[in-house]
Each structure stands twice: as C-alpha cells, then as structure tokens.
Amino acid sequence: MIAPDETLVDMAQVVGVTSDQLREAGRETAADLLDELAAPPTHASTSGEPASNPQVEAIAALLATLPPEAQDEVLRRIGRATPPPAQEEAPARRHRRAG
C-alpha cells in the first residue's frame, strides 16, 4: 500500500524527512506539499484560524481518550494545572469531589 501524499507529509514532518528526500524517493507531490508547509506564512495563510500543528492535534486527540484523572495527571506532569480552554469539561469531571 502506498501512503497518500498528505499522510506522507504528516509523517515526514514528525520524523524530519526533507522534501529533497521525498523527491529522491519519487514522491514529487508530497515533496511539493512539504515545501508549501515550510514556506513562510503569507497574509492569506495568517488570517482567520491559526494553522494546526499535526503533533499538537495528535497529542490532543490522544489526551481526549484518557479518563479525566489520567488527563489531570498528564497535564500536571507537563506543568498545566487545567485543560486547555478549547477542551470541554466531561460531565463526570464536574461532579467529582475536589481533592
């Protein structure tokens, strides 16, 4: 199975593969996409919503799968006392006793 270009670009960003390396592997389209992402932001790309970071999105998705107590522990370990504002509080968390 051959990975779609977008998936390959996400993986390349995580492990540090360059666009030149993608071209050497025959993945021109993925290399072009990676170059676009590495280019300095333009006015059009900086207006509106901030661009998402694939690593941050993956970590947030993984964090959301944990029970509230485990989320609290992870956030405590990285130095945040509370979840990010965009994350909704789970109903079970609201009724938990303070401790």
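## Getting to know the helices

At 25% relative accessibility, Arg23 counts as partly exposed; buried means under 20% relative accessible area, exposed over 50%, and partly exposed in between (1.4 Å probe, protein chains only). The model is a predicted one, in which local features need pLDDT of at least 70 and side-chain atom pairs count only at pLDDT 80 or more, while totals for chains, interfaces and linings use all residues. Residues are numbered from 1 along each chain as its sequence is written, and side-chain values use heavy atoms, leaving out hydrogens and water.

**Exercise 1. Find the salt bridge that Asp35 forms with Arg23, and place both residues in the chain.**

Step 1. Start with the rule: a salt bridge is a side-chain nitrogen of Lys or Arg within 4 Å of a carboxyl oxygen of Asp or Glu.

Step 2. The closest N and O atoms of Asp35 and Arg23 are 2.7 Å apart.

Step 3. Asp35 sits in helix α3 and Arg23 in helix α2, 12 residues apart, so the pair links distant parts of the chain. Helices here are DSSP runs (H or I, at least four residues), as strands are (E, at least two), numbered from the N terminus.

Step 4. Asp35 has 33% relative accessibility and therefore counts as partly exposed.

Step 5. Now widen the view: Asp20, Arg23, Glu28, Asp32 and Asp35 are linked in a network of salt bridges.

**Exercise 2. Compare two more salt bridges: Arg27 with Asp5, and Arg77 with Glu73.**

Step 1. For Arg27 and Asp5, the closest N and O atoms are 2.9 Å apart. Arg27 lies in the loop between α2 and α3, and Asp5 in helix α1, 22 residues away.

Step 2. The side chains of Arg77 and Glu73 meet at 2.8 Å, N to O. These two are 4 residues apart in helix α6 (residues 68-77), which means about one helical turn separates them.

Step 3. Arg77 is exposed at 65% relative accessibility, whereas Glu73 is partly exposed at 28%.

Step 4. By the salt-bridge rule, the count comes to 7.

**Exercise 3. Which residues of α1 are buried, and what covers them?**

Step 1. The buried residues are Leu8, Val9 and Ala12. Seen down the axis of α1, they fall within an arc of 100 degrees (taken from the directions from the helix axis to the C-beta atoms), so they line one face of the helix.

Step 2. The face turned away carries the exposed residues Glu6 and Val14.

Step 3. The cover over the buried residues of α1 includes α2 and α3.

Step 4. Just after α1, look for Gly16, with a positive phi of about 85 degrees.

**Exercise 4. Which residues make up the largest nonpolar core?**

Step 1. A nonpolar core is a set of buried Ala, Val, Leu, Ile, Met, Phe, Trp, Tyr and Cys residues joined through side-chain atoms within 4.5 Å.

Step 2. The largest has 7 residues: Leu8, Val9, Ala12, Leu22, Ala30, Ala31 and Leu34. Helices α1 and α3 each supply at least two of them.

Step 3. In α3 (residues 28-38), Ala30, Ala31 and Leu34 are buried. Their arc around the axis is only 100 degrees, which puts them on the same side of α3. They pack against α1 (5-15) and α2 (19-24).

Step 4. Beyond residues up to four places away in sequence, Leu22 touches Leu8, Ala12, Val17, Arg27, Ala30, Ala31 and Leu34; contact means heavy atoms within 4.5 Å.
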